[in-house]
Amino acid sequence: ELREQLEHRLQAEKGTCRLEAETHAAAAVQAQNVMEERFVRLSHELAFAEESRKVQAEVAAAAAAAAAVEAQHDKDELREQLEHRLQAEKGTCRLEAETHAAAAVQAQNVMEERFVRLSHELAFAEESRKVQAEVAAAAAAAA
């Protein structure tokens, strides 16, 4: 009877051990499945992050290229504005130079006219002096 009880207990213990072993095995399989799911999810997240980093790098490169193009455009526009200003300044300087040249020619003409007029006045005064001298000589001779 004791043997029989011990055998029943032994069978019960074996059943309990088998149940515990199966429970542990099922828990291990479940833990393995959870770990695999996490690995897959993390792999996807990593791939997404890498792709996102590549896209951000491309966007940054495109922005830098656009900024360089914009800077070149601004530089070209500034150069064009400066060239227009330079041409306007050259035109102004040319106009001023022509105005000064015309004024110098006009002043030269005025001086030449004065010279001619003064020469005539001097010649007239000289002639008048000669006539006065002749009149005075004639008056002295008549006296």
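**Close-up 1. Arginine 53 and glutamate 50 join their side chains in a salt bridge.** In this predicted model, the N to O distance of the pair is 2.7 Å. Both residues belong to helix α1, and three residues separate them in the sequence, about one turn of the helix. Now look at how open each partner is. Arginine 53 is partly exposed, because its relative accessibility of 44% falls between the limits of 20% and 50%. Glutamate 50 is also partly exposed, with a value of 35%. If you wonder why such partners meet at all, here is the general idea: side chains of opposite charge can pair when their charged atoms come close.

**Close-up 2. Glutamate 45 and arginine 41 form another salt bridge.** Here the N to O distance is 3.9 Å. The two residues are four positions apart in helix α1, so about one helical turn lies between them. Glutamate 45 has a relative accessibility of 44%, which makes this residue partly exposed. Arginine 41 is partly exposed as well, at 46%.

**Close-up 3. Further along the chain, arginine 129 meets glutamate 126 in a salt bridge.** Their side chains come to 2.5 Å, again taken from N to O. Helix α1 holds both partners, and a step of three residues, about one turn of the helix, takes you from one to the other. Arginine 129 is partly exposed at 46% relative accessibility, and glutamate 126 is partly exposed at 34%. How many salt bridges does the structure hold? The count is five, and the bridge between arginine 129 and glutamate 126 is one of them.

**Close-up 4. A patch of negative charge sits on the surface.** Five side chains gather here: Glu70, Asp74, Glu77, Glu80 and Glu83. Take glutamate 80 as your guide to this view. Its place is in helix α1, which covers residues 2-142. Is glutamate 80 buried or partly exposed? With a relative accessible area of 47%, glutamate 80 is partly exposed. That value is over 30%, so glutamate 80 passes the accessibility cut-off for joining a patch.

**Close-up 5. Cysteine 17 and cysteine 93 are both partly exposed.** Cysteine 17 has a relative accessibility of 46%, while cysteine 93 has 45%. How many disulfides does the model contain? The count is zero. A disulfide needs two cysteine sulfur atoms within 2.5 Å, so no pair of cysteines here meets that limit.

**Close-up 6. Asparagine 109 and alanine 142 let you compare sequence with space.** Asparagine 109 lies in helix α1 and is partly exposed, with a relative accessible area of 37%. Count along the chain from asparagine 109 to alanine 142 and you cover 33 residues. In space, their C-alpha atoms are 48 Å apart.

**Close-up 7. Alanine 140 brings you back to glutamate 50.** Alanine 140 also has its place in helix α1. What is the relative accessibility of alanine 140? The value is 52%, and because anything over 50% counts as exposed, alanine 140 is exposed. How many residues apart in sequence are alanine 140 and glutamate 50? They are 90 residues apart, and the distance between their C-alpha atoms is 131 Å. Remember glutamate 50 from the opening view, where its side chain meets arginine 53 in a salt bridge.

Key
Residues numbered from 1 in each chain as written. Predicted model: local features only at pLDDT ≥ 70, side-chain atom pairs only at ≥ 80, totals over all residues. Heavy atoms only, no water. Patch = residues over 30% accessible without salt bridge, like charges linked within 9 Å, V, L, I, M, F, W, Y side chains within 5 Å. Areas by Shrake-Rupley, 256 points an atom, 1.4 Å probe, with all protein chains shown as cover. Salt bridge = Lys/Arg side-chain N within 4 Å of Asp/Glu carboxyl O. Lys, Arg positive; Asp, Glu negative; His and termini not counted. Charge placed at Lys NZ, Arg CZ, Asp CG, Glu CD. Buried < 20%, exposed > 50% of the residue type's maximum accessible area, 1.4 Å probe, protein only.
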